[in-house]
Amino acid sequence: MRSDLKSAKEIWGWTKTLGISLSLAMLVNIFVLQPFKVNGQSMEPTLQNDERIYVSKLSHTFSYLPEYNDIVVIDSRVDRDRTLKDDILENPLLMLAMGKSEAKTFWVKRVIGKPGDTLEFKNESLYRNGQPLNEPYIKEEMVNVPDGKIVIPENHVFVMGDNRNNSDDSRVIGVIPLDHIMGKKLF
């Protein structure tokens with residue numbers, strides 16, 4: 001009888017430790033640091049398809065405005081509000097436990113425009129606030145881009161992929177609400 005009680009206590013101890021460890025891992029993943037996988041060629045040559053990156057979630061947790069040229073992960077579903085429930089249910093640890101695959105709604109892009117900026121596409125070049133952008137990181141010059149102008153509204157950013165001719169980005173889905181920026185690439 002004593003050995004059964006001892007075994008039950010040991011099992012309970014391990015169960016508690018495992019539960020606390022998983023809970024802490026989920027909290028870190030939701031609010032601090034999360035891995036993401038690059039899906040597609042839209043960030044070439046900077047990032048490659050299937051490359052793993054690690055993202056600081058602090059900007060999402062505390063609603064920081066990213067800097068120009070920051071590489072960020074965005075939720076491309078800009079037509080809906082994001083909630084804490086989304087952050088929890090779309091956590092990769094929980095999705096793995098539920099047998100779901102990574103969502104294709106998260107895109108890796110570069111911040112090009114911030115609130116109040118005027119972006120202009122003219123002569124297949126990009127201008128921010130009247131100045132042409134020097135973008136040594138892009139794969140190739142943009143082609144077949146219609147001329148146009150956009151002013152970035154408050155609490156939004158404009159993002160683009162480095163492979164400009166092969167990227168779905170703000171040119172397709174529009175400006176990105178700050179709460180749809182999941183985090184900033186660390187490494």
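**Note on the predicted model**

1. Lys184 is partly exposed, with a relative accessible area of 35%, in what is a predicted model. The side chain of Lys184 meets that of Asp70 in a salt bridge, at 3.8 Å from N to O. This pair links distant parts of the chain, since Lys184 belongs to strand E11 (residues 181–185) while Asp70 sits in the loop between helix H2 (58–61) and strand E3 (71–75), 114 residues apart. In contrast to its partner, Asp70 counts as buried because its relative accessible area, 13%, is under 20%.

2. The UniProt record, in an unreviewed entry, lists Ser42 and Lys109 under "active site". Although these residues are spread over 68 residues of sequence, they cluster in space, with a largest C-alpha distance of 7.9 Å, and both are included in the lining of the largest pocket. A polar contact of 2.8 Å joins their side chains.

3. The surroundings of the two listed residues can be taken in turn. Ser42 lies in the loop between strand E1 (33–37) and strand E2 (52–56), and is buried at a relative accessible area of 11%; beyond its neighbours up to four places away in sequence, Ser42 touches residues including Val108, Gly161, Asp162 and Asn163. Lys109 lies in strand E4 (residues 106–113) and is likewise buried, at 3% relative accessibility. With the same sequence neighbours left out, the residues that Lys109 touches include Met43, Asp70, Asp168 and Asp169, and Asp70 is the residue that forms the salt bridge with Lys184.

4. The largest nonpolar core has 12 residues, among them Ile112, Phe121, Tyr137, Phe158 and Met160, and the elements that give two or more residues to this core are strand E5 (118–122) and strand E9 (156–160). A second, separate core of 11 residues includes Ile53, Val55, Val108 and Met182. Tyr137, from the largest core, is also in contact with polar residues of the chain, including Asn69, Arg110, Asp162 and Arg164, when neighbours within four places in sequence are left aside.

5. Across the whole structure, a search finds 14 salt bridges. Lys37 and Asp50 form one of them, with the closest N and O atoms 4.0 Å apart; Lys37 lies in strand E1 and Asp50 in the loop between E1 and E2, so the pair ties together parts that are 13 residues apart in sequence. Both are partly exposed, Lys37 at 34% and Asp50 at 47%.

6. Asp75, buried at 0% relative accessibility, forms a salt bridge of 3.8 Å with Arg80, which is partly exposed at 29%. Asp75 and Arg80 are linked with Arg77, Arg82, Asp86, Asp87 and Glu90 in a network of salt bridges.

Technical notes:
Residues are numbered from 1 along each chain as its sequence is written. This is a predicted model: local features need pLDDT of at least 70, side-chain atom pairs count only at pLDDT 80 or more; totals for chains, interfaces and linings use all residues. Side-chain values use heavy atoms; hydrogens and water are left out. UniProt positions are given in the numbering used here, feature names are shortened, and annotations may be inferred rather than shown by experiment. On a 1 Å grid over the protein atoms alone, a cavity is a set of points where a 1.4 Å probe fits but cannot get out, and a pocket is an open set with protein on both sides within 12 Å along at least five of seven lines; lining residues have an atom within 4 Å of a point. Helices (H or I, at least four residues) and strands (E, at least two) are DSSP runs, numbered from the N terminus. Buried means under 20% relative accessible area, exposed over 50%, partly exposed in between (1.4 Å probe, protein chains only). Contact means heavy atoms within 4.5 Å. A polar contact is a pair of N or O atoms within 3.5 Å; within protein, one must be able to donate a hydrogen and the other to accept it, and residues adjacent in sequence count only if both atoms are side-chain atoms. A nonpolar core is a set of buried Ala, Val, Leu, Ile, Met, Phe, Trp, Tyr and Cys residues joined through side-chain atoms within 4.5 Å.
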